[in-house]
Amino acid sequence: MLPDNIGIHMNIRFTHRHLVNNKITSHKMRNAIKFFANLLMDKSVYDELHIDIEFVTGMLKSRGHEGESYCEDWENDSKYRWFTINIDPSISRKNILLTLAHEMVHVKQYAVGELQETASSNITKWNGKKIDDDVIDYWDLPWEIDAHGREKGLYSRYVKNEKTEGKAKSNRKSPKQPSVQTARC
Ligand SMILES: [Zn+2]
């Protein structure tokens, strides 16, 4: 992974900036989103993505989950590129990153055409096959098996990469200085 994801041109916006979480900077979140996108999709796909991040206070309580992702241009039939990811700001930094990883798997599923919305709200197409969300248990939905199966691996690779980059940065920052005694006054 290149430092600061150079060469990744996704359009990522933070709406309601005043609600931006104090556990992680928007810069770090942007980097994480790009990092996950790079592991999940081809450049030709992620370079065209537009992602809005919204912090939704109380979502965990009212809707029972920490994050959600929506495809904003699902009526376009096949090529989905505009997304909104909602995150509950009360969750920990680790859970924010895990949630971003999970939701980016869903973004990938829409963007590469694995997951498609239909005119009926309960019917979703997975690789062309119609699935009734009201009949299949959440944990058996193929797109959730994919997202839950990948979130931890994406997260741990991000954390490992962050540590490696942090070390490389601190090495760059501290070139060997000649040892000179100085007096402070
Ligand atoms: Zn999910």
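**Contacts and packing in a predicted model**

Leaving aside its neighbours within four places in sequence, Val-112 is in contact with Met-41 and Val-45. The model in which this contact is found is a predicted one, and Val-112 itself is placed in the loop that runs between helix H4 and strand S5, the latter spanning residues 115-117. Although Val-112 and Met-41 are 71 residues apart along the chain, their C-alpha atoms are separated by 7.9 Å. Val-112 has 13 C-beta neighbours inside 10 Å, and it therefore counts as partly exposed, given that a residue is called exposed with 12 or fewer such neighbours and buried with 20 or more.

The protein as a whole contains 5 helices and 7 strands, and these elements, when read along the sequence, follow the pattern β-α-α-β-α-β-β-α-β-β-β-α. Of its 185 residues, 26% count as buried. When contacts between residues at least 6 apart in sequence are considered, 69% of them join residues that are at least 24 apart.

The packing of two of the helices can be described in some detail. Helix H1, made up of residues 26-40, and helix H4, made up of residues 93-111, have axes that come within 10 Å and that cross at roughly 45 degrees. The two helices are therefore oblique to each other, and their crossing is right-handed. On the side of H1 the contact is made by Met-29, Ala-32, Ile-33, Phe-36, Ala-37 and Leu-40, while on the side of H4 it is made by Leu-97, Leu-100, Ala-101, Met-104, Val-105 and Lys-108. Sorted by character, the residues of this contact comprise 11 that are nonpolar, none that are polar and 1 that is charged.

Some of these residues reappear in the nonpolar core. The largest nonpolar core holds 32 residues, and among its members Phe-36, Leu-100 and Ala-101 are those that touch the most other members. Two or more residues are given to this core by each of H1, strand S2 (50-55), strand S4 (82-87), H4 and helix H5 (142-173), and the largest share, amounting to 10 residues, comes from H4. Beyond its neighbours within four places in sequence, Ala-101 is in contact with Phe-36, and also with Glu-151, Leu-154 and Tyr-155.

In strand S2, attention may be given to Ile-53, which is found in that strand. Ile-53 has 23 other C-beta atoms within 10 Å and is therefore buried. When residues up to four places away in sequence are not counted, Ile-53 touches Ile-12, Phe-14, Met-29, Ile-85 and Ile-87. A further spatial relation links Ile-53 to Ser-26, for the C-alpha atoms of these two residues, 27 residues apart along the chain, are separated by 9.5 Å.

A residue in a loop may also be buried, as is illustrated by Asp-88, which lies in the loop between S4 and H4 and which counts as buried because 22 other C-beta atoms are found within 10 Å. Residues up to four places away in sequence being set aside, Asp-88 touches Val-56, Met-59, Leu-60 and Glu-66. The C-alpha atoms of Asp-88 and Thr-99 are separated by 9.6 Å, with these positions 11 residues apart in the count along the chain.

Helix H5 offers a case of partial exposure in Glu-144, which has its place in that helix. With 16 C-beta neighbours inside 10 Å, Glu-144 counts as partly exposed. Neighbours within four places in sequence again being left aside, Glu-144 is in contact with Tyr-138 and Trp-139. Glu-144 and His-106 are 38 residues apart in sequence, and the separation of the two in space, taken from C-alpha to C-alpha, is 8.2 Å.

Finally, Asn-127 is found in the loop between strand S6 (123-126) and strand S7 (129-132). The phi angle of Asn-127 is near 50 degrees, which is a positive value in a residue other than glycine. Asn-127 has 12 C-beta neighbours inside 10 Å and therefore counts as exposed.

Note on methods:
Residues are numbered from 1 along each chain as its sequence is written. This is a predicted model: local features need pLDDT of at least 70, side-chain atom pairs count only at pLDDT 80 or more; totals for chains, interfaces and linings use all residues. Axes are lines fitted to C-alpha atoms, for helices over the stretch in contact, and angles run from 0 to 180 degrees between N-to-C directions. Helices (H or I, at least four residues) and strands (E, at least two) are DSSP runs, numbered from the N terminus. Angles under 35 degrees count as roughly parallel, over 145 as roughly antiparallel, 65 to 115 as roughly perpendicular and the rest as oblique. A crossing is left-handed if the near helix is turned anticlockwise from the far one by less than a right angle, and right-handed if clockwise. Two residues are in contact if their C-beta atoms, placed from the backbone, lie within 7 Å. Ala, Val, Leu, Ile, Met, Phe, Trp, Tyr, Cys and Pro count as nonpolar, Asp, Glu, Lys and Arg as charged, and the others, Gly among them, as polar. A nonpolar core is a set of buried Ala, Val, Leu, Ile, Met, Phe, Trp, Tyr and Cys residues joined through C-beta atoms within 7 Å.
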